[in-house]
Amino acid sequence: MSRAEDSKAGKETLAIPQALRAECDERDQGHCRVCGKWLGPERALHHISYGGSRQGMGGRREHTLSNLISICWMWGGNCHDLVHSDKGLWLPLLEKTITDQGVTAMQLRRW
């Protein structure tokens, strides 16, 4: 399998590769990128762009560092449900958290 085929296959699988999880963990330093809360082991990775329209869901989720963030989920908080409540509002804010390190989506929303 060529590198391009291997890379494409990795993006289309349901499981996020461990190396990519480690990169995301290093970048986000164990904090939720929505509220800033320390997550510890209760963190989850969330796809910023998760398919479908800006309002809807569905479609393919690409596993890339620029499309994944650490987020409160279940026992760690409820930011996951919050960002799913209004995709049109939160998608651009989550995208901005990747380029503006040290800022949370909540802070961006207030500004």
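Are Asp-28 and Arg-33 buried or exposed? I looked this up first and found that Asp-28 is buried, as is Arg-33 (buried: under 20% relative accessible area; exposed: over 50%; partly exposed: in between; 1.4 Å probe, protein chains only).

Entry on the model. I note that the model is predicted, that local features need pLDDT of at least 70 and side-chain atom pairs pLDDT 80 or more, and that totals for chains, interfaces and linings use all residues. Residues are numbered from 1 along each chain as its sequence is written, and side-chain values use heavy atoms, without hydrogens and water.

Entry on the fold. I read five helices and two strands in the chain, in the order α-α-β-β-α-α-α from the N terminus (DSSP runs: helices H or I, at least four residues; strands E, at least two). Of the 111 residues in the chain, 37% are buried. I also looked up the exposed area of the chain, which is about 6700 Å², with 53% supplied by carbon and sulfur atoms (Shrake-Rupley method, 1.4 Å probe).

Entry on salt bridges. I searched the whole structure and obtained three (a side-chain nitrogen of Lys or Arg within 4 Å of a carboxyl oxygen of Asp or Glu). Asp-28 pairs with Arg-27 at 2.8 Å, N to O, and with Arg-33 at 2.8 Å, N to O. I list Asp-28 at 4% relative accessible area and Arg-27, also buried, at 16%. Asp-100 bridges to Lys-96, with the closest N and O atoms 3.0 Å apart. Here Asp-100 is partly exposed at 26%, and Lys-96 is partly exposed at 41%. Shared partners join Arg-27, Asp-28 and Arg-33 into one salt-bridge network.
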